[in-house]
Amino acid sequence: MSDSPLPLAKITWTHPQTEVVQEFVLTEGATATIGRQAGNDICIPEQHVSRQHAVINYRDGIFMITDLGSANGTFVNDMQLTAAFPLASGDVIRLYVPVLQFSAAVTEEDQRAAEEMGTLITATTSTGKGKLIISNGPQEGHTIPLLLKRVTVGRATSKATWEIGLQDPSVSRPHARLELIEQNWVVYDMGSSNGTLVNNVMINEKGRVLKDGDIITFGATIVLFRGG
């Protein structure tokens, strides 16, 4: 058991119709996406929830929750999020209507049950693979696998030569570049008009190494990076 990932938090959700309780255990370093679309780590199939609604990731020893440009917003203890928010045990996460409980008390029984149910969410390792998930706008929920070692992101136009085209007039032509360097993906801004942000921090031509669960903003488009 010493080599097992250290469980640090638990998220509990009760389906309002079926009253079935679902428990998700998060280990150290884990990233958990929450949304209506199948494929999310925590899938909440409710009409008020966006396809890609929010993400919880582990930063500097704590779990942070960030809204992904959802249509109806993400709330913690009834306060609507406008930026990444540090979660504490006992916090109540509300996705407009659905309510989830966040707890830092995880027992060995909780961990065993999560392993059996497939609801144990662990950290990913950097393997050079990656994908981008668009979380807002007309392409919401669209997943773009990073199959090449170098891809350019820009506004979708009829004459576009870049690999990733975003249907967003605030995105430049081109806007940013992603490169695979020593098993890590690095994003660079290409002198775009509205900038490229990672976790709400503006980057430049020097680039930024991406971690699983990072949120990239190209113009007005929010994209979730998943690595591993």
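This text leads through some aromatic rings, one buried strand residue and one sheet of the structure. The model is a predicted one, and residues are numbered from 1 along the chain.

A good place to begin is with the aromatic side chains, among which two aromatic pairs are counted. In one of them, the ring centres of Tyr58 and Phe63 lie 5.1 Å apart and the ring planes stand at 65 degrees, so the pair is edge-to-face, given that planes over 60 degrees apart are classed in that way. The surroundings of these two residues can be described as well: Tyr58 has a relative accessibility of 24% and therefore counts as partly exposed, while Phe63, with a relative accessible area of 5%, is buried. Phe63 also pairs with Phe102, again in an edge-to-face arrangement, with 6.3 Å from centre to centre and 70 degrees between the planes. This pair links distant parts of the chain, since Phe63 belongs to strand E6 (residues 62-67) and Phe102 to strand E11 (residues 99-103), 39 residues apart. Both Phe63 and Phe102 are buried, and together with Tyr58 they make up one aromatic cluster.

Strand E6 also holds Ile65, which is buried with a relative accessible area of 0%. What does Ile65 touch, once its neighbours within four places in sequence are left aside? Its contacts are Ala54, Val55, Ile56, Thr74, Val76, Leu81, Ala83, Ala84, Phe85, Leu87 and Ile93. Phe75 is ten residues from Ile65 in sequence, and the C-alpha atoms of the two are 9.8 Å apart in space.

Phe75 leads on to another kind of arrangement, in which a charge sits over a ring. The charged end of Arg94 is placed over the ring of Phe75, at 4.3 Å from the ring centre. Elsewhere in the sequence, Arg177 lies over the face of Tyr188, where the distance to the ring centre is 4.5 Å.

The last stop is a sheet. Six strands, in the order E14-E13-E23-E22-E19-E20, form an open sheet with antiparallel pairing. At its edges stand strand E14 (143-145) and strand E20 (201-202), and each has a single partner strand, so one side of each is left without a neighbour in the sheet. Within the sheet, strand E13 (residues 130-134) and strand E23 (residues 221-227) are paired in the antiparallel sense over five bridges, and Leu132 has Phe225 in E23 as its bridge partner.

Note on methods:
Predicted model: local features only at pLDDT ≥ 70, side-chain atom pairs only at ≥ 80, totals over all residues. Heavy atoms only, no water. Phe/Tyr/Trp six-rings, centres within 6.5 Å; stacked < 30°, edge-to-face > 60°. Buried < 20%, exposed > 50% of the residue type's maximum accessible area, 1.4 Å probe, protein only. Helix = DSSP H or I, 4+ residues; strand = E, 2+ residues; numbered from the N terminus. Lys NZ or Arg CZ within 6 Å of the ring centre and 35° of its normal. Contact = heavy atoms within 4.5 Å. Pairing = 2+ DSSP bridges.
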